[in-house]
Amino acid sequence: MEHRKPSSSFSFGSKSSSSSASSWKRPQFKCRCGVDSPLCTAWTVENPGRRFFGCGLYTKSMGKVCNFFKWYDEACSEREKKLINALLKKNDLLQNSNNKLVIGIVCLGLIVMFQLIVIVMLMFM
Ligand SMILES: [Zn+2]
């Protein structure tokens with residue numbers, strides 16, 4: 001989950017980032033701690049990719065301070081939920097097989113390097 005992603009980090013072509021940031025309007029909320037509530041994205045099975053406003057003092061290690069909570073996006077349909085969850089699962093599987101592939105390539109590289117060292121040693125013996 002990503003928190004406090006600044007909206008001005010997106011650049012729109014030649015427009016300066018300051019003008020695009022001020023023209024983009026979204027509702028602002030303060031959580032019960034009196035801090036501006038950041039727009040976060042939920043990645044739960046029930047609400048995949050649905051954005052919400054949460055506690056402004058939330059940190060990954062400490063969690064939320066108050067129980068302020070407000071959805072930003074409308075709830076998506078059952079079909080959309082299933083689709084997004086299926087895509088997320090697929091993405092996970094791809095990432096896993098990708099990791100295995102990288103490990104395989106590294107092992108192969110080590111074997112080739114070892115063989116080269118042996119060949120070079122034999123040549124100079
Ligand atoms: Zn709070």
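In this predicted model, strands β1 and β2 form a hairpin, with four residues between them. The two strands run antiparallel and are joined by four bridges, with β1 covering residues 39-43 and β2 covering residues 48-53. Two of the facing pairs can be named. Leu39 has Phe53 of β2 as its bridge partner, and Cys40 stands opposite Phe52 in β2.

Strand β2 also pairs with β3, which consists of residues 70-71. Here two bridges make the connection, and the strands again run antiparallel. Phe53 stands opposite Lys70 in β3. Phe53 therefore takes part in the pairing on both sides of β2, since Leu39 is its partner in the hairpin and Lys70 faces it from β3.

Taken together, the three strands make an open sheet in the order β1-β2-β3, with antiparallel pairing. Why is one side of β1 and of β3 left without a neighbour in the sheet? Both strands stand at the edges and have a single partner strand each, so one side of each has no neighbour there. In general, the strands of a sheet pair through backbone hydrogen bonds, in either a parallel or an antiparallel way.

**The chain as a whole**

The protein chain contains two helices and three strands. Along the sequence they follow the pattern α-β-β-β-α. The chain has 125 residues, of which 7% count as buried. Among contacts with a separation of 6 or more, 36% are between residues 24 or more positions apart.

**Helix α2**

Helix α2 spans residues 78-123. It has 46 residues and reaches 67 Å from its first C-alpha to its last, which is close to the 68 Å expected at 1.5 Å a residue. The helix is hardly covered, and the count of buried residues in it is zero.

Part of this region also carries a database annotation. The unreviewed UniProt entry gives residues 101-124 as a "transmembrane region". In the model, this span is 96% helix and 0% strand, and its end C-alpha atoms lie 35 Å apart.

**Two residues and their surroundings**

Is Ala86, a residue of α2, buried or exposed? Ala86 is exposed, because 11 other C-beta atoms lie within 10 Å, and a residue with 12 or fewer falls in that class. Pro48, which lies in strand β2, is partly exposed, with 19 other C-beta atoms within 10 Å. A residue needs 20 or more to count as buried.

Both residues are paired below with a residue far along the sequence.

| Residue pair | Separation along the chain | C-alpha distance |
|---|---|---|
| Ala86 and Val45 | 41 residues | 10.0 Å |
| Pro48 and Leu88 | 40 residues | 8.8 Å |

Leaving aside residues up to four places away in sequence, Pro48 touches Trp43, Lys81, Ile84, Asn85 and Leu88. Among these, Trp43 belongs to β1, which covers residues 39-43. Leu88 and Lys81 fall within α2, residues 78-123.

**Confidence in the model**

The mean pLDDT of the protein chain is 85, and 81% of its residues reach 70 or more. Which elements have the lowest and the highest confidence? Confidence is lowest in helix α1, residues 17-23, with a mean of 51, and highest in β3, at 96. Over residues 8-12 the pLDDT is below 50, and this stretch has four contacts in the model beyond near neighbours in sequence. Residues 14-20 also have a pLDDT below 50, and that stretch likewise has four contacts beyond near neighbours in sequence. Where pLDDT is low, predicted coordinates should not be read in detail.

Methods. Residues numbered from 1 in each chain as written. Predicted model: local features only at pLDDT ≥ 70, side-chain atom pairs only at ≥ 80, totals over all residues. Contact = placed C-beta atoms within 7 Å. UniProt positions renumbered as here; feature names shortened; annotations may be inferred. Expected span 1.5 Å × (residues − 1). pLDDT = per-residue confidence, 0-100.
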